[in-house]
Amino acid sequence: LRCSDGRVIRHDAFMNNDGKRVPLVWQHGHANIQNVIGHAELENRPNGVYARGFLNSTPQADVARDLLLHGDINSMSIFANKLKQQGQNVMHGNIVEVSLVLSPANPGALIENVTIQHSDGSYEDDETEAVITSGIQLDEEVSVANAGTENKDEMTHADSEGTPSDT
């Protein structure tokens, strides 16, 4: 899926992040520690990178939890660095945070389900845990033979209003 900035995240671009735990942040708000609302565990799957998000017990996370439960937000984003690109194709990178966002730059970066895990190990739908995916399709082919390789330091996307959004 093409992001709003024209980049396409290629299959396995973030495979080295499999099993990594990164901060879960509200709207890429890196400047304020109160915007860290939990953590996300990343999993590289055949159909894209998934993030299992866990909200903490801060007031900000409680608001995010309510927004997720009510269906007011359903989008995510990543902030990545150490990017290697061929043209507009992101071939490799390092995810350093996952954000809940109001508007995704990647139309497939959606929260698929929200659940809660109880202390007895049982699960209940629609509470504090979200599985987040980039929505990348594997059957898409792209020719990168003539594209130059670019090294980028970091990546975050902006929606049409110029605020940070998703990849």
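His28 is found in the loop between β2 and β3. Its phi is near 55°, a positive value in a residue other than glycine. At 6% relative accessibility, His28 counts as buried, because the cut-off for that class is under 20%. The model described here is predicted, and the sections below go from the whole chain to its strands and its helix.

**Chain and confidence**

The chain has one helix and twelve strands. Read from the N terminus, the order of the elements is β-β-β-β-α-β-β-β-β-β-β-β-β. Of the 167 residues in the chain, 45% are buried. The exposed area of the chain is about 8,700 Å², and carbon and sulfur atoms supply 47% of that area. Among the contacts in the chain with a separation of 6 or more, 63% are between residues 24 or more positions apart.

The mean pLDDT of the chain is 77, and 69% of its residues reach 70 or more. Confidence is highest in strand β2 (residues 21–26), at a mean of 97, and lowest in strand β12 (residues 164–165), at a mean of 40. Over residues 126–152 the pLDDT is below 50, and this stretch has 86 contacts in the model beyond near neighbours in sequence. Residues 158–167 also have a pLDDT below 50; beyond near neighbours in sequence, that stretch has 38 contacts in the model.

**Positive phi values**

Most residues other than glycine have a negative phi. Asp12 has a positive phi, near 65°, and lies in the loop between β1 (8–9) and β2. Asp12 counts as partly exposed because its relative accessibility is 27%, whereas His28 counts as buried at 6%. A glycine with a positive phi is Gly71, just after α1, at about 80°.

**Strand pairing**

Strand β2 pairs with β3 and with β6. With β3, the pairing is antiparallel and runs over five bridges; within it, Leu24 has Gly38 of β3 as its bridge partner. With strand β6 (residues 89–101), the pairing is parallel and runs over three bridges. There, Val25 stands opposite Ser99 in β6.

Strand β3 (residues 36–45) is also joined to β4, in the antiparallel sense, by eight bridges. The link between β3 and β4 is a hairpin of two residues. Arg45 has Gly48, in β4, as its bridge partner. How much of strand β4 is covered? Six of the eight residues of β4 (residues 48–55) are buried, so the strand is mostly covered.

The table lists the pairings described above.

| Strands | Sense | Bridges | Example pair |
|---|---|---|---|
| β2 and β3 | antiparallel | five bridges | Leu24 and Gly38 |
| β2 and β6 | parallel | three bridges | Val25 and Ser99 |
| β3 and β4 | antiparallel | eight bridges | Arg45 and Gly48 |

**Two buried strand residues**

Val90 is found in strand β6. At 0% relative accessibility, Val90 counts as buried. Val90 and Val8 are 82 residues apart in sequence, yet their C-alpha atoms are 6.0 Å apart in space.

Leu83 has its place in strand β5 (residues 75–86). Leu83 counts as buried because its relative accessibility is 1%. Its C-alpha atom is separated by 7.0 Å from that of Asn94, and the two residues are eleven positions apart along the chain.

**Helix α1**

Helix α1 (residues 59–70) has twelve residues. From its first C-alpha to its last, α1 reaches 17 Å, close to the 16 Å expected at 1.5 Å a residue. Which residues of α1 are buried? They are Ala61, Ala64, Arg65 and Leu68. These residues cover an arc of only 105° around the axis, so they are on the same side of α1. Pro59, Asp66 and His70 are exposed on the other side of the helix.

Technical notes: Residues numbered from 1 in each chain as written. Predicted model: local features only at pLDDT ≥ 70, side-chain atom pairs only at ≥ 80, totals over all residues. Heavy atoms only, no water. Buried < 20%, exposed > 50% of the residue type's maximum accessible area, 1.4 Å probe, protein only. Helix = DSSP H or I, 4+ residues; strand = E, 2+ residues; numbered from the N terminus. Pairing = 2+ DSSP bridges. Expected span 1.5 Å × (residues − 1). Arc of directions from axis to C-beta. Contact = heavy atoms within 4.5 Å. Areas by Shrake-Rupley, 256 points an atom, 1.4 Å probe, with all protein chains shown as cover. pLDDT = per-residue confidence, 0-100.
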